[in-house]
Amino acid sequence: MTGERNYYFDNGKFFLIFFVVFGHFIRQFIEDNELILAIYKTIYAFHMPAFILVSGHFAKGYFEKGYILKLMKKLLVPYIIFQLIYTIYYYFLLNQNKFSFDLLNPQWSLWFLISLFCWHMLLPLFKNWRPQLAIAFTITLGIVVGYFDFINTTLSLSRTIVFFPFFLLGYFLKREHFLQLKRKRMMIPSSLVLLITFGLFFHFPTWDYEWLFGSKPYSELENLTHFAWLGRLFIYSISFLTVISFWSLVPTKKYNYTKIGQYTLYVYLLHGFVIKFFRELDIPKWIADNHPSLILILIGSLLLTYILSSKLVRTLMQPIIELKIMNWRILFQTLNRRLFS
């Protein structure tokens, strides 16, 4: 069962990183297509919370000696490197008039690296709490912070607080809890939850999807004044239900895509270069004008996920992402197989 459970988490991370790529691809088409908009909202209801939950589950080694230094090397150093690379990339790609490198405001998806580091740092404050009390408290905190305008995208502070309950829940969960989700009787209810969520978003297309991002104070979202807390509580309810449903439906056996789940950081950090370039081309407009094909976008997302997790890309990017010296022998062997096999 140990092997199966490892495959289970790798399978889950593969699907989640695919949804990250797919969600960013279809972003171009949500304004004029209610079906794609509903799919987009459904994905955002669970894909990052589910990623955050599994990250919390594997944070058990936090209290080991040297773990914080490893985290800094794994998260903060790549953040600084890619913040600079993305800043330079956008400067030329978008023909910006001014070059401005800002460490306090993460470029696009890089918010996750800062938040993940902060969630680990917050663990000592809650590790001895009763799980129910800790989750309830952090959900309350996530609701309250929306009323403070200074808690926003700067240093990903809003997302760090809003999504922390998912990280904490993952930390408290044991493997047995995940095994309980895999009972056969859970499959139908889990499928229904995801279908109902999709149906809800489809029938209310005007509902602001930015509520799902957790990145903005209430004043920058729909004007719900004092009742804005109900909006965030509603999102918490949907996200927790869909996250549980997702992990209930993840397969436990090994497949040809399972190994990709070990290299999600590569896909996460690198796919933004392709997505941003794609958005600047005329291709999205052509697809939109000719009724966007979800199959075409899905295939493109899968291909990009496979390519960015390939051994060749990992070998080339390892010095930047994992701060390891490039293994030239492996690189040449990989190139030789690709070119001459």
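In the predicted model, S156 is buried, with a relative accessible area of 3%. This serine is placed in the loop that joins α5 (131-144) to α6 (157-172). Its backbone is notable in one respect: S156 has a positive phi of about 55°, although it is not a glycine.

A positive phi is also found at W108, where the value is about 45° and the residue is again not a glycine. W108 belongs to the loop between α3 (67-93) and α4 (111-126). The relative accessibility of W108 is 24%, and because buried residues must fall under 20% and exposed residues over 50%, W108 counts as partly exposed.

The interior of the model was examined next. The largest nonpolar core contains 98 residues, and those with the most contacts inside it are F82, W119 and W247. Helix α2 (residues 34-57) gives the most to this core, contributing 15 residues. In soluble globular proteins, nonpolar side chains tend to be buried together. The surroundings of W119 can be listed in detail: leaving aside residues up to four places away in sequence, W119 touches I52, W111, F112, R159, T160, F163, F164 and F167.

The packing of two helices was then considered. α3 and helix α10 (residues 264-280) pack at an angle of about 10°, and their axes are 11 Å apart. Because angles under 35 degrees count as roughly parallel, α3 is roughly parallel to α10. On the α3 side, the contact is made by F82, I85, Y86, Y89, Y90 and L93, while α10 supplies L269, L270, G272, F273, K276, F277 and E280. Sorted by class, the residues of this contact comprise 10 nonpolar, one polar and two charged. F82 thus has two roles in this description, since it is among the residues with the most contacts inside the largest nonpolar core and also takes part in the contact of α3 with α10.

Helix α10 also contains H271. This histidine is buried, with a relative accessible area of 0%. The side chain of H271 makes a polar contact with the side chain of H24, at 2.7 Å. With residues up to four places away in sequence not counted, H271 touches V20, V21, H24, S109, L304 and L308. H24 therefore appears both as the polar partner of H271 and among the residues that H271 touches.

Note on methods
Residues numbered from 1 in each chain as written. Predicted model: local features only at pLDDT ≥ 70, side-chain atom pairs only at ≥ 80, totals over all residues. Heavy atoms only, no water. Core = buried A, V, L, I, M, F, W, Y, C linked by side-chain atoms within 4.5 Å. Buried < 20%, exposed > 50% of the residue type's maximum accessible area, 1.4 Å probe, protein only. Helix = DSSP H or I, 4+ residues; strand = E, 2+ residues; numbered from the N terminus. Contact = heavy atoms within 4.5 Å. Axes fitted to C-alpha atoms, helices over the stretch in contact; angles between N-to-C directions. Parallel < 35°, antiparallel > 145°, perpendicular 65-115°, else oblique. Nonpolar A, V, L, I, M, F, W, Y, C, P; charged D, E, K, R; others polar. Polar contact = N/O pair within 3.5 Å; in protein donor to acceptor, adjacent residues only side chain to side chain.
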